[in-house]
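Here are my notes for you, written as numbered points. Keep the picture open beside them and look up each residue as you go.

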Amino acid sequence: KVLRVIIYQASISIVVALVFLSLDSTTIFSSMYGGLVSILNTLLLARSVNAAGKAASEQEQTRSALVLVKSVVIRFTLVLVSFYIGIVYLKLVALEILIAFALAQLGYVFYKSKSIY
């Protein structure tokens with residue numbers, strides 16, 4: 001079920017890359033990088049929700065909450081560090097990274113279902 005969302009996010013990233021190419025961008029790497037960061041974020045979220053659900057089903061509410069809080073911190077850090085690496089070290093176009101990431105995240109929000117995990 002997560003695979004459907006990832007395919008949707010990847011499709012959005014490809015469309016964003018093609019739009020930027022049509023607007024005279026020199027490469028699709030920036031857009032694809034932003035989409036990849038969004039997909040990694042989704043995978044980490046799915047993993048943490050599964051772990052929290054397992055802990056909750058075992059009546060370990062404190063551990064369940066801790067898993068979710070830790071996930072938020074890890075995912076936030078991943079996104080910030082990924083943007084930094086992409087913009088500073090890989091010299092990718094910041095606007096393209098951010099737009100692809102944002103639209104892929106919106107795709108996640110609009111496409112996910114109650115049974116995604």
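1. Let's begin with R47, which sits in helix α2. Is R47 buried or exposed? R47 has a relative accessibility of 59%, so it counts as exposed, given that the cut-off for exposed is over 50%. For a sense of distance, try I85: it is 38 residues from R47 in sequence, and the two C-alpha atoms are 24 Å apart in space. Do keep in mind that you're looking at a predicted model.

2. Stay in helix α2 and find S38, which also belongs to it. S38 has a relative accessible area of 0%, so it is buried; the cut-off for buried is under 20%. What does S38 touch, leaving out residues up to four places away in sequence? The answer is Q9, F101, A104 and Q105. Q9 is one of the buried residues of α1, while F101, A104 and Q105 are among the buried residues of α4.

3. Now take α2 as a whole. It runs over residues 29–57, which makes 29 residues, and at 1.5 Å a residue it should span 42 Å. The C-alpha atoms at its ends are 42 Å apart, so the model agrees with the expectation. Just after α2 comes Q59, with a positive phi near 65°.

4. Time to step back. The chain has four helices and zero strands, so if you read the elements from the N terminus you simply get α-α-α-α. Its C-alpha atoms fill a box of roughly 55 × 30 × 15 Å along the principal axes. The chain has 117 residues, and 37% of them count as buried. Among contacts with a separation of 6 or more, 71% are between residues 24 or more positions apart.

5. Next, helix α1. It has 21 residues and reaches 30 Å from first C-alpha to last, close to the expected 30 Å. Which residues of α1 are buried? They are V2, V5, I6, Q9, I12, S13, V16, A17 and F20. Look down the axis and these residues fall within an arc of 140°, which is why they line one face of the helix. That buried set packs against α2 and α4. Turn to the face pointing away from the buried side and you'll find the exposed residues L3, V15, L18 and S22. Notice that this exposed face includes L3, V15 and L18, which belong to the nonpolar class.

6. Helix α4 can be read in a similar way. It has 18 residues and reaches 25 Å from its first C-alpha to its last, close to the 26 Å expected. Its buried residues are E96, I97, A100, F101, A104, Q105, G107 and Y108. They cover an arc of only 155° around the axis, so they end up on the same side of α4. Over on the other side, L95 and F110 are exposed.

7. How do α1 and α4 sit against each other? Helix α1 (residues 2–22) and helix α4 (residues 94–111) pack at an angle of about 145°, and their axes are 9 Å apart. The crossing is right-handed. From α1, the residues taking part are R4, V5, Y8, Q9, I12, S13, V16 and F20. Facing them from α4 are E96, I99, A100, L103, A104, Q105, G107, Y108 and Y111. Sorted by class, this contact has 11 nonpolar, four polar and two charged residues.

8. Finally, have a look at two loop residues. D24 comes after α1 and lies in the loop between α1 and α2. Its phi is near 75°, a positive value in a residue other than glycine. D24 has a relative accessible area of 70%, so it is exposed. K91 lies in the loop between α3 (61–89) and α4. K91 isn't a glycine either, and its phi is positive at about 55°. With a relative accessible area of 67%, K91 is exposed.

Note on methods. Residues numbered from 1 in each chain as written. Predicted model: local features only at pLDDT ≥ 70, side-chain atom pairs only at ≥ 80, totals over all residues. Heavy atoms only, no water. Axes fitted to C-alpha atoms, helices over the stretch in contact; angles between N-to-C directions. Helix = DSSP H or I, 4+ residues; strand = E, 2+ residues; numbered from the N terminus. Left-handed = near helix turned anticlockwise from the far one by under 90°. Contact = heavy atoms within 4.5 Å. Expected span 1.5 Å × (residues − 1). Buried < 20%, exposed > 50% of the residue type's maximum accessible area, 1.4 Å probe, protein only. Arc of directions from axis to C-beta.
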